[in-house]
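Subject: The structure I promised you

Hi,

Here is the structure we talked about, with some notes on what turned up in it. Have a look at it first, then read on.

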Amino acid sequence: MAWFKRKDAGIKTSTEEKKDTPDGLWYKTPKGNIIHTRELKNNSYVCPDDDYHVKIGSKEYFEILFDDNQFKELDKDMISGDPLSFTDSKSYTSRIKDSIAKTNLKDAARTGVGKLNGLDLVITCMDFNFIGGSMGSVVGEKIARAIDYALKHKVPFLMISKSGGARMMEAGFSLMQMAKTSAKLALLDDAGIPYISLMTDPTTGGVTASYAMLGDFNIAEPGALIGFAGPRVIRETIGKDLPRGFQSSEFVLEHGFLDFIIDRRQLKNRIYTLLNLLRS
C-alpha cells in the first residue's frame with residue numbers, strides 16, 4: 001500500500017499561488033559553486049571558495065565601510081544635463097532617464113559622509129551599473145564637492161573608482177573633469193588632508209589618468225582590471241600579445257603603480273589603520 005495517497009485528483013494550486021524561489025537568493029561563483037546571497041553579504045561579497053571579489057556598487061561599499069551603515073549623502077539629487085544635445089542609438093536625455101529607472105541611481109557616483117570605526121570620513125564611490133561608471137560632469141562635480149567638504153571640515157577623503165572611463169556623450173566636458181578633480185586634490189594635498197584612492201574592477205580610461213592614481217595611497221582590490229586603454233585596444237595598437245595578467249592589480253602593484261592590495265574583508269580595518277598612521 002502506498003504511504004501517500006492524494007485525496008483529490010488533479011493539481012488544485014493555481015499558477016498565481018505557486019511558490020517560486022525569489023530571484024537573487026543564490027549566487028553562482030566563478031568556480032560553479034552555489035552559495036546563499038546572505039553568506040556572500042556576510043563575507044563582504046567575497047566568494048568563500050576562491051576569494052573572488054564580486055563586483056558591487058556604492059550601496060554595498062557604504063554598508064561595509066560606514067559604522068552601522070549610517071551616513072549623510074551629499075548632492076544626491078544632482079542629474080546630468082545634455083550640453084551637446086547628443087544622440088546615438090537614442091538621445092542622451094533618454095539614456096539618462098532609462099539608467100535612473102533601471103539602477104535607482106541619479107548618476108555614476110555617490111558621496112557619503114560618516115564614520116569608519118569612529119573616525120570621520122568622506123567617501124565618493126562610483127557605480128558601474130550607471131552607463132558603465134562613466135565619468136561625466138556630475139561625477140566630476142560630486143568629487144569636487146566631496147573634496148570641498150573634506151577641506152572645510154578637515155576630514156580624510158576616500159575615492160572608490162569603478163569606471164570604463166570618460167562619458168562620450170559629454171565629450172570635452174567629460175575630459176575637463178580630469179583637470180577639475182586633479183586641481184581639487186592638489187588643494188587637499190596643500191591642506192595636509194589624507195586622500196586614499198581605492199581602485200576596483202574595472203578602473204580605466206580618464207579615471208585612471210586622473211584622480212584614481214593621485215592618492216596619498218593608491219590601493220586596489222585583488223584581481224581588479226586597472227589601466228588606461230583596454231587590453232584589446234592595446235593589443236590591436238601595438239600588434240603584440242600582452243604579458244600574462246597584464247593590467248591586473250597584481251601586475252600594476254609589481255610595476256610600482258600601487259602601494260598595496262587589500263582583501264575586501266579586511267578593507268575597513270586596514271583603512272582605519274592607515275588613517276591612524278596618517279594622523280600621527
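Which residues of the largest nonpolar core touch the most other members? They are Val 122, Val 139, Phe 157, Leu 188 and Tyr 211, out of 34 residues in that core. Before going further, keep in mind that this is a predicted model.

**The cores**

The elements giving two or more residues to the largest core are H3, E4, strand E5 (119-126), H4, E6, H5 and strand E7 (195-203). H4 gives the most, with six residues. If you wonder about the general idea, nonpolar side chains tend to be buried together in soluble globular proteins.

Val 122 is a good one to click on. Leaving aside neighbours within four places in sequence, Val 122 is in contact with residues including Thr 111, Val 113, Tyr 149, Phe 157 and Leu 158. There is also a second, separate core of 27 residues, and among them are Val 54, Ile 123, Phe 260 and Leu 274.

**Salt bridges**

The count here is 17 salt bridges. One of them pairs Asp 77 with Lys 106, with the closest N and O atoms 3.2 Å apart. Asp 77 sits in the loop between strand E3 (71-74) and helix H3 (92-103), while Lys 106 is in the loop between H3 and strand E4 (109-116), so this pair ties together parts that are 29 residues apart in sequence. Asp 77 is exposed, at 55% relative accessible area, whereas Lys 106 is partly exposed at 29%.

Next, try Asp 107 and Arg 167, a salt bridge whose closest N and O atoms are 3.0 Å apart. Asp 107 is in the loop between H3 and E4, and Arg 167 is in the loop between strand E6 (157-163) and helix H5 (172-190), so the parts tied together are 60 residues apart in sequence. Are these two buried or exposed? Both Asp 107 and Arg 167 are buried.

A third salt bridge, between Glu 141 and Arg 145, has an N to O distance of 2.8 Å. These two are four residues apart in helix H4 (residues 137-153), which means about one helical turn separates them. Glu 141 is partly exposed at 21%, and Arg 145 is partly exposed at 37%. Salt bridges with shared partners join Asp 75, Glu 141, Arg 145 and Lys 180 into one network.

**A look at Phe 173**

Phe 173 is in helix H5 and is partly exposed, with a relative accessible area of 35%. Not counting residues up to four places away in sequence, Phe 173 touches Pro 83, Leu 84 and Ser 137. From Phe 173 to Leu 274 it is 101 residues in sequence and 34 Å in space, C-alpha to C-alpha.

**Pockets**

The largest pocket has a volume of about 450 Å³. Its lining has 21 residues, and Ser 58, Lys 59, Thr 103, Leu 105 and Asp 127 lie nearest the centre. Helix H2 (58-65) and E4 are the elements that give two or more residues to this lining, and H2 gives the most, with three. What kinds of residues line this pocket? Four are nonpolar, five polar and twelve charged.

The second largest pocket holds about 190 Å³ of space. Residues lining the second largest pocket include Leu 119, Lys 154, Ile 193 and Arg 279. That lining divides into seven nonpolar, one polar and three charged residues.

Enjoy exploring!

How values were computed:
Residues are numbered from 1 along each chain as its sequence is written. This is a predicted model: local features need pLDDT of at least 70, side-chain atom pairs count only at pLDDT 80 or more; totals for chains, interfaces and linings use all residues. Side-chain values use heavy atoms; hydrogens and water are left out. A salt bridge is a side-chain nitrogen of Lys or Arg within 4 Å of a carboxyl oxygen of Asp or Glu. Buried means under 20% relative accessible area, exposed over 50%, partly exposed in between (1.4 Å probe, protein chains only). Contact means heavy atoms within 4.5 Å. A nonpolar core is a set of buried Ala, Val, Leu, Ile, Met, Phe, Trp, Tyr and Cys residues joined through side-chain atoms within 4.5 Å. On a 1 Å grid over the protein atoms alone, a cavity is a set of points where a 1.4 Å probe fits but cannot get out, and a pocket is an open set with protein on both sides within 12 Å along at least five of seven lines; lining residues have an atom within 4 Å of a point. Grid points are joined across faces, edges and corners, and a volume is the space filled by probe spheres set on the points. Ala, Val, Leu, Ile, Met, Phe, Trp, Tyr, Cys and Pro count as nonpolar, Asp, Glu, Lys and Arg as charged, and the others, Gly among them, as polar.
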